[in-house]
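Could you walk me through this structure, stop by stop? I have it open in a viewer and would like to know what to select next.

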Amino acid sequence: MRTVRADAGSKLKYSYDLKYDIFWAYVESGPAEAEELAEDIFVEFKDGRIVGVEIHDASKVLGEYWKEPEKAAERAMEIAKRLASVQMVKG
């Protein structure tokens with residue numbers, strides 16, 4: 001597996017698996033509850049907060065963003081927040 005990762009000093013961390021085209025962005029690691037909020041997009045929650053997102057088929061979902069990991073991580077978290085707020089409205 002080939003992976004790229006963010007700096008240890010960065011608050012928003014990310015990882016991308018080139019072989020399986022999966023992108024992860026997270027602000028906190030460790031156990032969390034994951035929920036698939038859209039096809040290929042899994043949002044991770046801990047104590048009611050979004051702590052991460054896992055995106056399958058990332059090159060398609062993130063479009064051009066996936067080529068620049070820092071921008072992809074920011075975009076992934078934006079997507080997670082939007083999806084979570086839609087889910088809360090549907091409640």
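**A charged network to begin**

Start by selecting E28, K46 and R49, which are linked in a network of salt bridges. Bear in mind on this tour that the model is predicted. Two of these residues also face each other in the backbone pairing: K46 stands opposite R49, which lies in strand 6.

**Around the hairpin**

From K46 and R49, widen the selection to strand 5 (residues 41–46) and strand 6, which pair in the antiparallel sense over 6 bridges. The hairpin they form has 2 residues between the strands, and D47 takes a positive phi near 55° there.

Now keep strand 6 and look at how much of it can be seen from outside. Strand 6 spans residues 49–56, and 6 of its 8 residues are buried, so in the terms used here each of those six has under 20% relative accessible area.

Next, add strand 3 (residues 22–26), which pairs with strand 6 in the antiparallel sense over 5 bridges. To find a point of register, pick W24: its bridge partner in strand 6 is E54.

**Into the core**

Which residues touch the most other members of the largest nonpolar core? Select F23, V53 and L62: among the 20 residues of that core, these have the most contacts with fellow members. Strand 2 (13–17), strand 3, strand 5, strand 6 and helix 2 (69–90) are the elements that give two or more residues to this core. Helix 2 gives the most, with 8 residues.

Stay on V53 and show what surrounds it. Apart from neighbours within four places in sequence, V53 is in contact with F23, W24 and A25, with I41, F42 and V43, and with A76, M77 and A80.

**A buried acid**

Your next selection is D21, in the loop between strand 2 and strand 3. Is D21 buried or exposed, and how far away is the nearest side chain of opposite charge? D21 is buried and has no salt bridge; the nearest side chain of opposite charge belongs to K60, 8.6 Å away.

Look instead for polar partners of the D21 side chain. One is the side chain of Y16, joined to it by a polar contact of 2.6 Å. Another is the side chain of S59, where the polar contact is 2.8 Å. Leaving aside neighbours within four places in sequence, the residues in contact with D21 are Y16, I55, H56, D57, A58, S59 and K60.

**Three salt bridges to finish**

The structure holds 7 salt bridges, and three pairs make good last stops.

- Select D57 and K60, whose side chains meet in a salt bridge at 3.5 Å, N to O. D57 counts as partly exposed because its relative accessibility is 30%, whereas K60, at 56%, counts as exposed.
- Move on to K67 and E64, where the salt bridge between the side chains is 3.2 Å, N to O. K67 is exposed, with a relative accessible area of 53%, and E64 is exposed too, at 59%.
- Finish with E68 and K71, whose side chains form a salt bridge of 3.5 Å, N to O. E68 counts as partly exposed at 41% relative accessibility, as does K71 at 43%.

How values were computed:
Residues numbered from 1 in each chain as written. Predicted model: local features only at pLDDT ≥ 70, side-chain atom pairs only at ≥ 80, totals over all residues. Heavy atoms only, no water. Buried < 20%, exposed > 50% of the residue type's maximum accessible area, 1.4 Å probe, protein only. Helix = DSSP H or I, 4+ residues; strand = E, 2+ residues; numbered from the N terminus. Pairing = 2+ DSSP bridges. Core = buried A, V, L, I, M, F, W, Y, C linked by side-chain atoms within 4.5 Å. Contact = heavy atoms within 4.5 Å. Salt bridge = Lys/Arg side-chain N within 4 Å of Asp/Glu carboxyl O. Lys, Arg positive; Asp, Glu negative; His and termini not counted. Polar contact = N/O pair within 3.5 Å; in protein donor to acceptor, adjacent residues only side chain to side chain.
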